Structure formats: C-alpha cells, structure tokens
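Me: Please take a close look at one part of this structure, the sheet, and describe how its strands are arranged and what packs against them. I would also like to know what lines the largest pocket.

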Amino acid sequence: MDPIFSPPLHRQRHQFVIDFVKRRKPQKVLDLGCSECSLLKLLKFHREIELLVGMDIDGAKLKKRMHGLAPMLTDYLQPSDRQLRIELYQGSVTQRDARLRGFDLVTSIELIEHLTLPDVQRFSDVVFGYMTPGAVIVSTPNCEFNPLFPGNVGFRHHDHKFEWSRAEFESWALGVCLDYGYEVEFTGVGQPPPDQHQSIGFCSQIGVFHRLGGKGNNNNNVLFCEEAEDVLSYTLLYSKNYPSLHDNNILSRVLVMEVLSGADKLRRRWAEEEETGKRETGRWDYGSDPPRNADGEEEEEEEERHLEMEEKQRAMRILVQRQEVEDRKLFWKDGQGQQESCKVNRCVHIPLVVLWSRYPKVRALAGSIGNLRQHLMDHPDVTLSQDGLAVLLNNQEQEEEEEEEEHDDLDDSGYARGSVEPEEDWDADA
C-alpha cells in the first residue's frame with residue numbers, strides 16, 4: 001500500500017501523533033501495540049515528554065528493538081535540562097496494569113483490527129474505563145477504501161479480524177464516549193482521489209478522544225479504580241532514565257567542566273596578552289612620539305592598537321589576578337566532605353565572579369554564585385582559594401619555563417651529560 005502514498009501511510013500516521021504532541025504537549029505518553037518501537041523512537045526527541053512507555057504482546061520483538069531507545073553518546077556528553085524516562089512492557093491490551101493509569105496521551109495505531117470483537121470490548125474497558133487517559137488516538141483501516149488497492153481481496157492483512165467502515169467505527173467510538181465520559185472527533189490520513197473523498201473517506205480512519213472528567217456513565221471506571229492499586233499484570237522489559245541536569249551528580253559534573261574550561265581560557269588569554277604586551281612595548285616607548293612612516297604620517301592605527309592592548313591588559317589584571325603563593329596551604333573539601341590540603345607554589349587566581357559574569361552557561365547551570373561555590377567546594381577536581389571565592393589553576397607556562405631553566409642549569413654543570421668515569425683498558429696494562 002505504501003508506494004501509493006507520499007509520504008508512506010505509516011509515516012503519515014506517525015506524523016499525525018507527532019503533530020498532536022506538538023500542539024497539546026503531553027508529559028506522559030503510552031503507545032499500545034508499539035511493535036518495533038518506530039513511533040517511540042520519534043517521540044523521544046520531543047522535550048515536553050517526561051515519561052514515554054510502549055506496550056506490546058510480542059516480548060521477543062520488544063527485546064530485539066528496545067536498545068534503539070537507549071540514550072546516544074551526545075545525551076551523555078551534553079545532558080539536557082529535561083527529564084525523560086522510557087519503559088517497555090510485555091502485555092495484552094485486554095488486561096489491566098496499575099502502572100499504565102493516568103497518562104496524558106494513549107495511542108493505538110492500527111491495533112484494534114487485530115483483536116476479536118469481544119476483545120475490542122475488553123480493550124475499551126481497559127483503555128477508557130481503567131487507564132482513564134486525558135486523550136486517546138485510535139487509528140484503524142477504513143474498509144471502504146479497499147477497492148482502490150489493485151488486486152486487493154478481503155482484508156489488508158492476514159491477521160486482521162475485521163475492518164470497519166466509517167459508520168461502524170463511528171458507532172463504536174460514540175458508544176465509548178457514552179460509556180466512559182469522552183468526546184471524539186473523526187479524521188484520518190491517506191487521501192483518496194479528490195472526486196471520491198465524500199464517498200470513500202481516508203485510507204486510515206482516526207478517532208481522537210478527549211476525556212470529559214465527570215461527564216458520562218463511569219460505572220465501569222469506578223469499579224476499576226477500586227482495584228487499580230493491586231493490578232500488575234504486565235512484564236517490565238526495559239527501563240531507562242536519560243541523563244538529565246535534574247540529577248545533581250550530572251549537574252555538578254557538567255558545571256565543573258564548564259568552570260574549568262572557562263577558567264583555563266581566561267588563564268591562557270591573560271598569558272597570551274601579557275606576552276604580546278611585552279613584545280609590543282619593547283618596540284617603542286609609549287611616552288615618546290610614535291614612529292613615522294616614509295611619508296612622515298603618524299602610524300595612528302598601530303598606536304590605537306597598542307593603546308587598546310594596554311587597556312585590555314589593565315582589564316585582565318583586574319579580572320584575573322595572578323598570584324604567587326610560596327609554601328602556602330590551601331584547603332578545600334573533597335567529595336566525601338573530608339579536609340584536604342596541598343602546597344601550590346605558583347598559580348593563577350580566577351575569581352568566581354569573573355566566571356559568573358563571563359559565561360552564561362555557568363550562570364544557567366548554577367543559578368547563583370552561592371550554588372556555584374557549593375558545587376565547586378564539593379568536587380575533588382577543583383581547587384579553591386582559602387576564602388572560597390576563586391578557582392586556582394597551575395601556571396603551566398611558568399612551570400615549563402622553570403623546567404627549561406633547570407635543564408639549562410644541569411647542562412652548564414655537566415650533570416646532564418653524566419659523570420661516568422671512562423673504563424680502564426686492561427689489555428693496555430697487559
């Protein structure tokens with residue numbers, strides 16, 4: 001059938017659900033008869049969904065496909081501020097399970113035609129009377145469309161127990177509304193030829209049900225609610241929480257990465273600008289007249305550039321203060337709250353207020369400077385100043401310079417070449 005439609009019919013059905021999710025923004029979504037989890041794989045990218053559940057009677061198929069719902073590498077490297085949990089259950093839509101009650105949206109895409117008519121009634125009792133979702137989307141084939149398929153004889157699939165006309169589907173749907181307190185609107189996907197829309201209708205007919213609260217006859221619903229807490233008939237096959245910044249451990253890890261990255265950028269920038277300033281100021285004295293070119297014109301652009309560099313250096317010295325700490329103990333707390341100490345001979349001092357003002361992501365993650373300080377104090381990879389108001393980083397450039405000087409001293413003293421005495425020539429004495 002799919003080659004007849006563009007996009008393919010199954011994609012049109014999935015897109016219908018996605019469009020509904022975009023409009024109504026449900027937080028808890030359940031897909032009944034999820035089969036290969038194709039719809040779930042599309043829905044997991046929608047940020048408004050916090051709990052996404054699939055249920056199917058074929059446990060082997062679920063186990064084969066469930067790993068496609070796992071978080072990707074980028075979900076761990078860049079955790080979202082959303083919360084998402086995905087669960088898969090093996091079970092029958094004719095049985096009740098308390099864990100699937102109270103969802104914002106339940107979908108049943110091309111499912112009910114695989115049930116016997118008595119099971120369709122049980123489906124209605126379970127979904128509308130027991131689960132009581134806020135909205136239900138049910139799609140099923142429209143048998144009036146079947147003559148348009150070349151060579152089609154009987155039902156569209158060998159496992160279909162029935163295929164309803166539009167009148168039969170509407171009769172069932174209106175009965176559900178009356179019994180369980182819902183209202184329904186009818187639509188569909190898979191357009192017929194323009195001149196046959198009224199006589200044939202959509203290829204897949206869709207009913208969108210909305211719960212009306214206390215309206216309607218809810219006798220069955222009352223009965224089911226009394227037994228709801230005791231019913232657990234489905235088997236949980238898969239459960240996964242996606243990485244989220246709502247997890248305090250993940251939040252701290254991401255925040256520390258941002259802080260250390262930002263602090264290192266400031267340290268490198270300060271070092272580069274300091275070195276550039278040394279080179280530039282060595283060329284000519286700012287207090288004297290600037291050099292002139294061959295035509296006698298002042299090099300105004302170069303002067304402005306040097307003055308701008310000098311202003312940047314002053315600003316950086318205010319924002320990022322370089323301190324030499326000689327044999328001084330710095331205290332902070334590790335992840336277990338134990339006091340730790342280390343000796344830092346030379347370091348770069350990055351005030352937290354500078355990190356806070358320069359990096360919007362740090363502000364968004366921490367919420368306040370107090371929270372920022374608390375996260376950093378509790379992390380073993382961060383060294384804070386004694387007053388807890390600055391991050392301390394090793395001055396790598398200076399350490400490298402000192403290592404080179406020590407190496408040169410060793411070369412001059414002769415120790416670098418070694419002081420191995422020459423071996424005696426025993427044969428010469430002989």
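Reply: What follows goes through the sheet strand by strand and then turns to the pocket.

The model is predicted, and in it eight strands form an open sheet whose order is β6-β7-β5-β4-β1-β2-β3-β8, with mixed pairing. At the edges stand β6, residues 182–189, and β8, residues 235–241, each of which pairs on one side only. From one strand to the next, the twist averages 15°. As background, strands of a sheet pair through backbone hydrogen bonds, and the pairing can be either parallel or antiparallel.

Both senses can be followed along part of this order. β1 pairs with β4, the strand of residues 105–109, in the parallel sense over four bridges, and here Asp 31 stands opposite Thr 107 of β4. β2 is joined to β3, residues 85–90, by six bridges, and these two strands also run parallel; within this pairing, Asp 56 has Gln 90 in β3 as its bridge partner. The pairing of β3 with β8 likewise has six bridges, but these strands run antiparallel, and Tyr 89 has Leu 236 in β8 as its bridge partner. The edge strand β8 is thus joined to the sheet in the antiparallel sense.

Turning to the helices, α1 packs on the sheet and touches β4, β5 (135–141), β6 and β7 (204–211), while its direction makes about 20° with that of β7. Helix α6, residues 166–180, also packs on the sheet, where it touches β5, β6 and β7, and its direction makes about 155° with that of β6. The strands β5, β6 and β7 are therefore touched by α1 and by α6, whereas β4 is listed among the contacts of α1.

The largest pocket has a volume of about 1,100 Å³. Its lining consists of 38 residues, and the closest to the pocket centre are Gly 33, Ser 35, Ile 109, Glu 110 and His 114. The elements that give two or more residues to this lining are α1 (9–24), β1 (28–32), α2 (38–43) and β2 (51–56), so that β1 and β2, strands of the sheet described above, are represented there. The largest share, five residues, comes from α1, the helix that also packs on the sheet. In chemical character, the lining residues divide into 13 nonpolar, 12 polar and 13 charged.

Notes: Residues are numbered from 1 along each chain as its sequence is written. This is a predicted model: local features need pLDDT of at least 70, side-chain atom pairs count only at pLDDT 80 or more; totals for chains, interfaces and linings use all residues. Side-chain values use heavy atoms; hydrogens and water are left out. On a 1 Å grid over the protein atoms alone, a cavity is a set of points where a 1.4 Å probe fits but cannot get out, and a pocket is an open set with protein on both sides within 12 Å along at least five of seven lines; lining residues have an atom within 4 Å of a point. Grid points are joined across faces, edges and corners, and a volume is the space filled by probe spheres set on the points. Ala, Val, Leu, Ile, Met, Phe, Trp, Tyr, Cys and Pro count as nonpolar, Asp, Glu, Lys and Arg as charged, and the others, Gly among them, as polar. Two strands pair if DSSP finds at least two bridges between them. Axes are lines fitted to C-alpha atoms, for helices over the stretch in contact, and angles run from 0 to 180 degrees between N-to-C directions. Contact means heavy atoms within 4.5 Å.
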